[in-house]
Amino acid sequence: MAAPSHGSFRPRQGVQPAAESYSKLLNLPNFLTLCRLGSIPIFLTFLGRHRYTEALWVFAAAAVTDALDGTVARLFNSRTELGAFLDPFADKLMLVSAFVVLTLENQFPGYLLSVVAIRDVTIAVGYLMLSFFTGERIPVTPSYLGKLSTFLQLACVIAVLASFDDTQPQYFSALLIATVGVTAASGVQYMYLGLKWLRSREPEMF
């Protein structure tokens with residue numbers, strides 16, 4: 001049986017060439033997300049050296065790329081599974097890193113970091129457990145409380161970085177209390193939504 005010539009080879013239908021697949025993964029939104037991930041060590045270096053002004057600029061640039069990658073992905077319909085995973089991961093890593101360092105620097109009270117960490121760990125573990133037991137990929141849509149908690153956490157970090165004379169603004173205590181309350185409430189809401197979703201799958205599971 002004669003071997004097929006090079007000219008007769010054609011890729012199977014439905015299978016994309018590797019170069020095309022890589023080009024879709026390495027699109028502009030994903031590149032911006034990777035830049036945000038790469039800025040985290042720079043941000044932490046400035047924080048560790050108490051160079052809050054430079055850290056604020058890096059943090060602001062990361063926020064701009066966060067807004068840009070989502071906008072570009074929607075406008076040009078260039079969403080990918082890699083981007084859907086990396087984007088919230090980069091945001092959360094930047095925020096949690098800032099909270100840890102600023103707590104160690106006594107800029108944040110320990111209870112704020114505890115609430116943020118417990119909420120994020122609970123959501124992550126709950127998501128993994130639901131996916132494991134149901135064998136399905138759970139659709140993740142940020143709730144309004146979740147978005148508000150992220151906004152307040154960002155505001156806390158910016159308020160600290162913008163304080164050049166080591167004195168917190170008068171509204172800072174109220175901002176901390178609001179952040180703790182909304183973050184805890186959003187965690188409870190996500191737990192409720194997860195249990196509600198699991199309950200709708202019980203007939204299929206059992």
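User: Among contacts between residues at least 6 apart in sequence, what share joins residues at least 24 apart?

Analyst: This is a predicted model, built from 8 helices and 0 strands. Read from the N terminus, its elements go α-α-α-α-α-α-α-α. Among the contacts between residues at least 6 apart, the share joining residues at least 24 apart is 76%.

User: Over which residues does pLDDT stay under 50?

Analyst: Across the protein, pLDDT averages 78, and 72% of the residues score at least 70. One stretch has 2 contacts beyond four places in sequence, and its pLDDT stays under 50. That stretch is residues 1–22.

User: Which residue in helix H4 does Arg-36 pair with in a salt bridge?

Analyst: The whole structure holds 4 salt bridges. One of them links distant parts of the chain, with Arg-36 in helix H2 and a partner 55 residues away in helix H4. Arg-36 is buried, at a relative accessible area of 2%, while the partner is partly exposed at 23%. The N to O distance is 2.9 Å, and the partner is Asp-91.

User: How many residues apart in sequence are the parts that Lys-92 and Asp-120 tie together?

Analyst: Lys-92 and Asp-120 form a salt bridge, with their closest N and O atoms 3.5 Å apart. Lys-92 sits in helix H4 and Asp-120 in helix H5, so the pair ties together parts of the chain whose separation in sequence is 28 residues.

User: Is Asp-120 buried or exposed?

Analyst: Buried means under 20% relative accessible area. Lys-92 is partly exposed at 24%. Asp-120 has 14% relative accessibility, so Asp-120 counts as buried.

User: Which residues do salt bridges with shared partners join into one network?

Analyst: Asp-120 is a partner of Lys-92 in a salt bridge, and Arg-119 belongs to the network too. Both Arg-119 and Asp-120 are among the buried residues of H5. The network is made up of Lys-92, Arg-119 and Asp-120.

User: What separates the C-alpha atoms of Thr-179 and Leu-112?

Analyst: Thr-179 is in helix H7 and is buried, at 0% relative accessibility. Leaving aside neighbours within four places in sequence, Thr-179 is in contact with Leu-112, Leu-152, Gln-153 and Cys-156. Thr-179 and Leu-112 are 67 residues apart along the chain, yet their C-alpha atoms are separated by 7.9 Å.

User: Which residues does Thr-183 touch, not counting residues up to four places away in sequence?

Analyst: Thr-183 lies in helix H7, residues 172–200. Its relative accessible area is 0%, so Thr-183 is buried. Among the buried residues of H6 are Ser-149 and Gln-153, and both are on the contact list of Thr-183. The full list is Val-115, Val-116, Arg-119, Ser-149 and Gln-153.

User: What is the distance between the end C-alpha atoms of H5?

Analyst: H5 has 25 residues. At 1.5 Å a residue they should span 36 Å, and the model agrees with that, so the distance between the ends is 36 Å.

User: Which residues form a nonpolar patch on the surface?

Analyst: One member is Val-125, which is found in helix H5 (residues 110–134). Val-125 is partly exposed, with a relative accessible area of 40%, and a patch residue needs over 30%. Together the members have about 540 Å² of accessible area, and they are Val-121, Val-125, Met-129, Phe-132 and Phe-133.

User: What is the phi of Asn-106?

Analyst: Most residues other than glycine have a negative phi. Asn-106 goes the other way with a positive value. Asn-106 is in the loop between helix H4 (81–104) and H5 and counts as exposed at 69% relative accessibility. Its phi is near 65°.

User: Where is His-50, which has a positive phi?

Analyst: His-50 is not a glycine, but its phi is about 60°. At 49% relative accessibility, His-50 counts as partly exposed. Its place is the loop between helix H2 (28–48) and helix H3 (52–75).

Conventions
Residues are numbered from 1 along each chain as its sequence is written. This is a predicted model: local features need pLDDT of at least 70, side-chain atom pairs count only at pLDDT 80 or more; totals for chains, interfaces and linings use all residues. Side-chain values use heavy atoms; hydrogens and water are left out. Buried means under 20% relative accessible area, exposed over 50%, partly exposed in between (1.4 Å probe, protein chains only). Helices (H or I, at least four residues) and strands (E, at least two) are DSSP runs, numbered from the N terminus. Patches are made of residues with over 30% relative accessible area and no salt bridge: like charges are joined within 9 Å, nonpolar side chains (Val, Leu, Ile, Met, Phe, Trp, Tyr) within 5 Å. Accessible areas come from the Shrake-Rupley method with a 1.4 Å probe; for residues, only the protein chains shown count as cover. A salt bridge is a side-chain nitrogen of Lys or Arg within 4 Å of a carboxyl oxygen of Asp or Glu. pLDDT is the predictor's confidence in each residue, from 0 to 100. Contact means heavy atoms within 4.5 Å. The expected span of a helix is 1.5 Å times one less than its number of residues.
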